[in-house]
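Welcome! Here is a short guided tour to read with the sequence and the 3D view side by side. Take your time and find each residue as it comes up.

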Amino acid sequence: MEKGVSDPEKVRKFLEGDPRLIAPLILGAVLTHKSEAGPVAVRLTEVEAYMGPRDSEHPDPGSHTFGGPTARNAPMFGPPGFLYVYFTYGMHYCANIVCGPGGSPSALLLRAGEIVEGEGLATLRRPASKAHKDLASGPARLASALGLTTADTGRDALASPFSLWLPRTPAAAVASGPRVGVAGPGGSTDYPWRFWIEDDPTVSRYKAARPRNRA
DNA sequence: AGATAGATGTTCT
DNA sequence: GAACATCTATCTC
């Protein structure tokens with residue numbers, strides 16, 4: 001694993017930029033979480049930009065900040081480099097890294113990655129995973145493998161027990177594309193919010209969102 | 001091997 | 001109610 005920039009000052013400065021510019025450059029970065037059970041590190045292979053309504057000419061109804069600040073999305077209105085973790089679908093967590101200048105509010109959703117350290121612990125946390133490449137091949141899988149929960153929302157991803165290493169050299173082949181299956185008026189399906197490392201086996205496979213039946 | 005259905009429960013509109 | 005997820009089970013090809 002090629003080491004890169006880890007100085008929190010420099011990393012935070014980098015994260016102050018536009019998430020759509022940061023996204024292709026953060027691919028390959030390594031996020032580490034050291035828990036009492038041990039460290040787990042993930043090399044990011046897929047991220048998705050979420051823009052605050054005032055930061056973009058493209059409406060983004062998919063963003064949690066689309067409707068303004070709430071108790072849940074408060075970290076997104078804070079300084080860059082902090083975690084925004086939310087609970088979704090009654091059983092999963094998804095982790096974002098806040099970026100843009102403080103108060104933006106925008107973030108990068110960590111959609112997928114490859115476990116590069118602590119695979120044993122990651123496997124314990126992901127008993128359903130049958131393959132190495134599937135340990136973090138999805139936003140909720142990634143959060144689960146790293147052991148992230150809503151208890152971690154608002155915590156600094158650039159300070160202990162976390163660390164974030166930027167890649168020394170940008171990923172060779174970065175692809176981008178729209179989200180799919182996004183419902184809602186003005187749908188944000190027509191803009192490339194999503195970035196991933198081309199041909200990386202750990203990138204999540206896309207399925208259109210399916211409507212759920214009521215109980 | 002791929003597609004589909006059902007279940008799970010928090011947060012916001 | 002609806003939500004950009006995941007797992008398991010159960011079909012079909």
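Let us start inside helix H4, where Pro139, Arg141, Leu142, Ala143, Ser144, Ala145 and Leu146 are the buried residues. That makes H4 a mostly covered helix, with seven of its eight residues buried. Keep in mind that this is a predicted model, so each residue comes with a confidence score called pLDDT, which runs from 0 to 100.

**Helix H4 and what follows it**

- What do the buried residues of H4 pack against? Their partners are strand E1 (30–35), E2, strand E3 (83–88), E4, E5 and helix H3 (119–125).
- Just after H4 comes Gly147, which takes a positive phi of about 75°.
- Leu148 sits in the loop between helix H4 (139–146) and E6.
- Is Leu148 buried or exposed? Leu148 counts as buried because it has 26 C-beta neighbours inside 10 Å, and the cut-off for buried is 20 or more.
- Leaving aside residues up to four places away in sequence, Leu148 touches His33, Val85, Tyr93, Ala95 and Ala143.
- Leu148 and Thr32 are 116 residues apart in sequence, yet their C-alpha atoms are 11 Å apart in space.
- The loop between H4 and E6 also holds Pro161, and the peptide bond from Ser160 to Pro161 is cis, with omega near 10°.

**The whole chain**

- Chain A contains four helices and eight strands.
- If you walk along the sequence, these elements appear in the pattern α-α-β-β-β-β-β-α-α-β-β-β.
- Chain A has 215 residues, and 45% of them count as buried.
- Among contacts in chain A with a separation of 6 or more, 64% are between residues 24 or more positions apart.

**Helix H2 and its covered face**

- In helix H2 (residues 19–26), the buried residues are Pro19, Arg20, Ile22, Ala23 and Ile26.
- Looking down the axis of H2, you would find these buried residues within an arc of 155°, so they line one face of the helix.
- A little background helps here: an α-helix has 3.6 residues a turn, so residues three or four places apart point the same way.
- Which elements help to cover the buried residues of H2? The cover includes helix H1 (8–15), strand E2 (38–50), strand E4 (92–99), strand E5 (106–117) and strand E8 (194–197).
- Gly28, just after H2, takes a positive phi of about 100°.

**The nonpolar core**

- The largest nonpolar core has 54 residues, and Val42 and Leu108 touch the most other members.
- E2 gives the most to this core, with seven residues.
- As background, nonpolar side chains tend to be buried together in soluble globular proteins.
- Beyond four places in sequence, the residues touched by Leu108 include Pro19, Ile22, Ala23 and Ile26, which are also among the buried residues of H2.
- Val47, Glu48, Ala49, Asn96, Ile97 and Cys99 are touched by Leu108 as well.

**Phe195 in strand E8**

- Phe195 lies in strand E8 and is buried, with 26 other C-beta atoms within 10 Å.
- Not counting residues up to four places away in sequence, Phe195 touches Ala23, Pro24, Leu27, Val47, Val174 and Ser176.
- Phe195 and Ser63 are 132 residues apart along the chain, and their C-alpha atoms are separated by 16 Å.

**Two exposed residues with positive phi**

- Tyr89 is not a glycine, but has a positive phi of about 55°; look for Tyr89 in the loop between E3 and E4.
- With 9 C-beta neighbours inside 10 Å, Tyr89 counts as exposed, because the cut-off for exposed is 12 or fewer.
- Asp199, also not a glycine, has a positive phi of about 65° and lies in the segment after E8.
- Asp199 is exposed, with 9 other C-beta atoms within 10 Å.

**How confident is the prediction?**

- The average pLDDT of chain A is 88, and 88% of the residues score at least 70.
- Among the elements of chain A, strand E6 (residues 162–165) has the highest mean pLDDT, 97, and strand E7 (residues 174–177) the lowest, 90.
- Over residues 183–187, pLDDT stays under 50, and the model has five contacts beyond four places in sequence for this stretch.

Terms used: Residues are numbered from 1 along each chain as its sequence is written. Chains are lettered from A and ligands numbered from 1 in the order in which they are written. This is a predicted model: local features need pLDDT of at least 70, side-chain atom pairs count only at pLDDT 80 or more; totals for chains, interfaces and linings use all residues. pLDDT is the predictor's confidence in each residue, from 0 to 100. Two residues are in contact if their C-beta atoms, placed from the backbone, lie within 7 Å. The arc is that of the directions from the helix axis to the C-beta atoms. A nonpolar core is a set of buried Ala, Val, Leu, Ile, Met, Phe, Trp, Tyr and Cys residues joined through C-beta atoms within 7 Å.
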